[in-house]
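Reader: I'm new to looking at protein models and I'd like to zoom in on one part instead of skimming everything. Could you take me through the place where two helices pack together, and then show me what surrounds it?

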Amino acid sequence: MKRAFLAPAKVNLFLRVLGKRTDNFHEILSLMQPVSVFDEISVTLSDGHGVTVSSDSIDAPGGEENLCHKAAALFFWSTGYRFQADIAVKKVIPVGAGLGGGSSDAATVLMALNEMTGIGLPDGALMELAARLGSDVPFFILKGAALAAGRGEKLQRARLPELHYVLINPGIHVSTASAYSSLDLTKTGENNTLLYSYEVPASQDGVVAALFNDLESVTLARHPEISALRETLKGAGARGALMSGSGSTVFGVFYSRAEAAQAYEALLPGIKGNARIFLAKGL
């Protein structure tokens with residue numbers, strides 16, 4: 001049995017880092033939305049017992065270290081089911097880009113195996129497994145926007161207005177761990193929580209007003225060209241622009257597909273080298 005699944009990217013509409021935890025993770029508050037930029041995950045199940053993962057990207061090679069392999073192995077170990085799972089990953093989402101591509105791929109593998117085997121674990125059980133793989137992985141089980149707290153695994157579904165995006169990745173790989181470890185946290189977690197208790201924006205203008213990312217200061221200091229991308233997007237008509245996650249991707253927010261498409265077409269000729277640009281819709 002062979003099936004293909006789409007694994008979406010995400011953007012962080014705001015990301016506040018509240019403090020460092022005793023487990024060395026960071027306490028965050030973030031509003032995240034999946035967007036229509038997808039990796040493709042092909043899963044083949046057959047009789048046997050084992051997992052193989054192949055990838056078409058040198059930046060995210062296959063094998064046992066790939067998060068998709070870890071997701072499949074965890075699923076079979078936790079459920080006790082035995083199959084041979086051969087997984088092929090077609091990468092579109094840039095790696096080390098703040099878009100959650102690896103986490104989305106892993107979540108998609110969990111959901112794919114849950115569906116294909118007929119086991120039918122509820123979302124809550126899948127999210128518990130996902131949390132063991134990475135902080136962002138549970139988010140993608142929800143298949144929609146969410147407020148994320150804790151280290152990212154405490155999720156509350158969010159209803160957002162229609163949003164469209166142009167995303168530009170400059171071809172720079174940013175280490176999430178390095179970005180967090182370099183962040184200067186001058187306030188206590190308690191004080192930050194009081195300052196940054198956000199409501200989910202109900203309007204498009206509210207989303208733009210809420211755009212903020214505590215990690216920008218770290219990543220922009222190392223890669224000032226990312227700041228220039230924000231201004232480029234605003235100059236092309238974006239209502240607001242922000243770096244996603246720990247970077248290096250920057251996204252512009254638009255209120256209609258027509259606005260976003262016009263900006264995309266205007267910016268496309270200027271995308272050179274390893275840089276990439278995407279036109280996307282919030283999911």
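Author: The protein chain has 10 helices and 11 strands, and keep in mind that what you're looking at is a predicted model. Of its 283 residues, 52% are buried. If you take the contacts with a separation of 6 or more, 75% of them are between residues 24 or more positions apart. The accessible surface comes to about 12,600 Å², and carbon and sulfur atoms account for 51% of that.

Now for the close look. Two packed helices are described by the angle between their axes and the distance between the axes. For helix 1 and helix 2, the angle is about 30° and the axes are 8 Å apart. Their crossing is right-handed. On the helix 1 side, the residues that take part are Leu-67, Cys-68, Ala-71, Ala-72, Phe-75 and Phe-76. Facing them from helix 2 are Gly-102, Ser-103, Asp-105, Ala-106, Val-109, Leu-110, Leu-113 and Asn-114.

Let's pick out two residues of helix 2, starting with Thr-108. Is Thr-108 buried or exposed? Its relative accessible area is 5%, and a residue under 20% counts as buried, so Thr-108 is buried. The side chain of Thr-108 reaches the backbone oxygen of Ser-104 at 2.8 Å. Once you skip residues up to four places away in sequence, Thr-108 touches Phe-5, Leu-6, Ala-7 and Ile-41.

The other one is Asn-114, also a residue of helix 2. Asn-114 has 8% relative accessibility and therefore counts as buried too. You already met Asn-114 among the helix 2 residues that meet helix 1. Leaving aside neighbours within four places in sequence, Asn-114 is in contact with Phe-75, Ile-119, Gly-120, Leu-121 and Leu-126.

That last name, Leu-126, takes us to helix 3, which covers residues 123-131. Leu-126 is buried there, along with Met-127, Leu-129, Ala-130 and Ala-131. What do the buried residues of helix 3 pack against? They pack against helix 1 (67-79), helix 2 (101-116), helix 4 (137-142) and strand 6 (154-157). So both helices of our pair turn up again in that list.

Next, have a look at Ile-87, which is found in strand 4 (residues 84-90). With a relative accessible area of 2%, Ile-87 is buried. Among the residues Ile-87 touches are Cys-68, Ala-72 and Val-109, and those three names also appear where helix 1 and helix 2 meet. Other contacts of Ile-87 include Ile-41, Ser-42, Val-43, Val-51 and Val-53. You may remember Ile-41 as a contact of Thr-108. Ile-87 and Lys-2 are 85 residues apart along the chain, yet their C-alpha atoms are separated by 9.6 Å.

Strand 6, one of the partners of helix 3, has a story of its own. Strand 5 (residues 146-149) and strand 6 run antiparallel and are joined by 4 bridges. One of the bridge pairs is Ala-146 with Arg-157. The two strands form a hairpin with 4 residues between them, and Gly-150 in the turn has a positive phi of about 65°. Lys-143 also has a positive phi, about 60°, although Lys-143 is not a glycine. You'll find Lys-143 in the loop between helix 4 and strand 5. Lys-143 has a relative accessible area of 64%, so it is exposed.

To finish, step away from the helix pair to an open sheet of 4 strands, with the order 9-10-7-11 and antiparallel pairing. Strand 9 (240-243) and strand 11 (276-281) are at the edges with a single partner strand each, so one side of each has no neighbour in the sheet. From one strand to the next, the twist averages 20°. Strand 9 pairs with strand 10 (residues 250-254) over 4 bridges, and Leu-242 stands opposite Phe-251 there. Two helices lie across strands of this sheet. Helix 9 (residues 225-235) lies across strand 7 (164-169), strand 9 and strand 10, at about 20° to strand 10. Helix 10 (residues 257-267) lies across strand 7, strand 10 and strand 11, at about 25° to strand 7.

Key
Residues are numbered from 1 along each chain as its sequence is written. This is a predicted model: local features need pLDDT of at least 70, side-chain atom pairs count only at pLDDT 80 or more; totals for chains, interfaces and linings use all residues. Side-chain values use heavy atoms; hydrogens and water are left out. Two strands pair if DSSP finds at least two bridges between them. Axes are lines fitted to C-alpha atoms, for helices over the stretch in contact, and angles run from 0 to 180 degrees between N-to-C directions. Contact means heavy atoms within 4.5 Å. Buried means under 20% relative accessible area, exposed over 50%, partly exposed in between (1.4 Å probe, protein chains only). Accessible areas come from the Shrake-Rupley method with a 1.4 Å probe; for residues, only the protein chains shown count as cover. A polar contact is a pair of N or O atoms within 3.5 Å; within protein, one must be able to donate a hydrogen and the other to accept it, and residues adjacent in sequence count only if both atoms are side-chain atoms. A crossing is left-handed if the near helix is turned anticlockwise from the far one by less than a right angle, and right-handed if clockwise.
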